[in-house]
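I opened a new page today and wanted to get my bearings. Come along as I look things up.

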Amino acid sequence: EHLRICPQDYTCCASRTEEQLSQRSGADLRALGAEAAAFLLSTLSSRQHRFQDFFRELLAGAERSLQNMFTRSYGHLYAQHARLFQGLFVELRRHLQGVQPGLDEALGDFWAQLLERMVPLLNPQYSFPAGYLECVGRQADGLRAFGDSPRQLRMQVSRAFIAARAFVQGLATGRDVVAQAVQLSPTRECRWAHMRLSYCPLCRGTPTLKPCSGFCLNVMKGCLASTTELEPEWERYLDAMTQLVERLGGPFNFELAADSIGVKISEGIMYLQEHGVRTSAKVFQSCGSPRPAPARSRRAPREETKRRFRTYSPEEKPTTAAGTNLDRLISDVKEKLRLMRRFWVMLPHTLCSDEKVAADVTNEDLCWNGQARGRYLPDVTGDGLVNQINNPEVEVDISQPDLATRQHLLALRSATSRLVGACNGQDVDFQDAVGMPSESSGERGCVWLGGRECLASRQGQAVPWEECNESSWASSCSAGQ
């Protein structure tokens, strides 16, 4: 029968068999990509869980430390107001998980509510109805009742939490991009080329004859031409991840930030007690003179509030249940990120260096060259999409990467923007990073993908350029026109 892919002379395959093997070759290529990416997927996934669990355990430890210290210092008085402190840690956990967008408001509310509870304790001779206490809470920022502790806590905690959350999300984004990028959808030209590479020797009756290395490289470079275009953005992503994880071990140290929560609250309370008379006078001036209480209540203990949380020495830094502290986690993940560099551009070389896929480069005369046993004569093309213009094995559209790759590039750019923002102590949201309206806002919009295509923000699919510029869409694509 007439074969369309393999050589026409002696063959063991019918045309139907050839077509079946062609379809199978596409699945084989996807399997090879998934196998090559297994290290990236397992590493990014496992490190995401490790860092996430570690940050959660540190925050839980900080809450336990505060509870233990305040219970020792204030006893029943703390138990009466424990919900306030528990609520703060609920907000901190929500922020760490990405549910709560910012910490400033949550911290501000905490200090305001703490002041509402402290003023009556400092002035037990007066009665403070709910309306009066609301006025007290509104004065918290202007009074600076807790000294500089609120500002210091906000700076240290916010930057560390932004960095921790962005890093964990960055690991997840990298994992998702890799998982999706290696789910290849080979074109017909790619499937046919891979068929000639892998199964035509079978049809010629030489199933053990391996493809020549150069032949394999040209086929893989052609099939993975779009995917290799991830490399520049992937490198920027890895740079940002490395820089941020270094910040997590330095100025944005999450261990120190978690440990400082109870310390700064304790210092703030002591500052208020030491300046209680002056603060109370300012409160009375702003909110009016309170009414005398019918009976005096006991004063809050003062001397015990001078206790401090002990700090950790380098030898006894807190560890997770797995016994890993932040320094070791950072050292480990930096090395793993280093090993991930040049993954996409080297992917064709990685696949063809597998002895199951192609013959060794030293075995040039005893390999399958696409027609028979012998040396592969065509030159091996360069790396990247543009260099495939003269690929002798696969016809490639070099005008731009395919849609799936452009979506992956968008995800990497967004993640990198968030990571760079976190390095600067800024909580950059995804929509801010790429100019897309939020899903919850109900707006519609699109992002320029190059050429005359856009990515619809809500549908997550390509739409014609003209539709992007219609009045029903946001005008964010016009910047790329």
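These are my notes, going from the whole chain to single rings.

**Entry 1: the whole chain.** I noted that this is a predicted model. I counted 19 helices and five strands in the protein chain. The chain has 481 residues, and 48% of them count as buried. I then looked at contacts with a separation of 6 or more, and 77% of these come from residues 24 or more positions apart.

**Entry 2: the core.** Which residues have the most contacts inside the largest nonpolar core? I found F51, F55, L114, W234 and I265, in a core of 128 residues. Helix α8, residues 149–181, gives the most to this core, with 14 residues.

I picked F55 for a visit. Leaving out residues up to four places away in sequence, F55 touches L96, A164, V168, L248, F254 and L326.

**Entry 3: aromatic pairs.** I went on to the rings and came to a count of 19 aromatic pairs. Why is the pair of F54 and F55 edge-to-face? Their planes stand at 65 degrees, and edge-to-face needs over 60. The ring centres are 6.4 Å apart, which fits the pairing limit of within 6.5 Å. Both F54 and F55 are buried.

Y78 and F85 make an aromatic pair too, and I wrote this one down as tilted. Their centres lie 5.4 Å apart, with 45 degrees between the planes. Are these two residues buried or exposed? Buried means under 20% relative accessible area. Y78 has 7% relative accessibility, so Y78 counts as buried, and F85 at 6% counts as buried as well.

I followed the ring pairs further and reached a cluster that links F70, Y74, Y78, F85, F110, W111 and F146.

**Entry 4: a charge over a ring.** What sits over the ring of W192? I found the charged end of R188 there, 4.6 Å from the ring centre.

**Entry 5: helix α13.** I checked the span of α13, which runs over residues 254–274. At 1.5 Å a residue, its 21 residues should span 30 Å, and the end C-alpha atoms are 30 Å apart, so the two values agree. Where does α13 bend? I placed the bend at S260, with an angle of about 35 degrees.

My last check was on burial. In α13, 17 of the 21 residues are buried, so the helix is largely enclosed by the rest of the structure.

Terms used. Residues are numbered from 1 along each chain as its sequence is written. This is a predicted model: local features need pLDDT of at least 70, side-chain atom pairs count only at pLDDT 80 or more; totals for chains, interfaces and linings use all residues. Side-chain values use heavy atoms; hydrogens and water are left out. Rings of Phe, Tyr and Trp (its six-membered ring) pair if their centres lie within 6.5 Å; planes under 30 degrees apart count as stacked, over 60 as edge-to-face and the rest as tilted. Buried means under 20% relative accessible area, exposed over 50%, partly exposed in between (1.4 Å probe, protein chains only). A charge sits over a ring if NZ of Lys or CZ of Arg is within 6 Å of the ring centre and within 35 degrees of the ring normal. A nonpolar core is a set of buried Ala, Val, Leu, Ile, Met, Phe, Trp, Tyr and Cys residues joined through side-chain atoms within 4.5 Å. Helices (H or I, at least four residues) and strands (E, at least two) are DSSP runs, numbered from the N terminus. Contact means heavy atoms within 4.5 Å. The expected span of a helix is 1.5 Å times one less than its number of residues. The bend at a residue is the angle between axes fitted to the seven residues ending there and the seven starting there.
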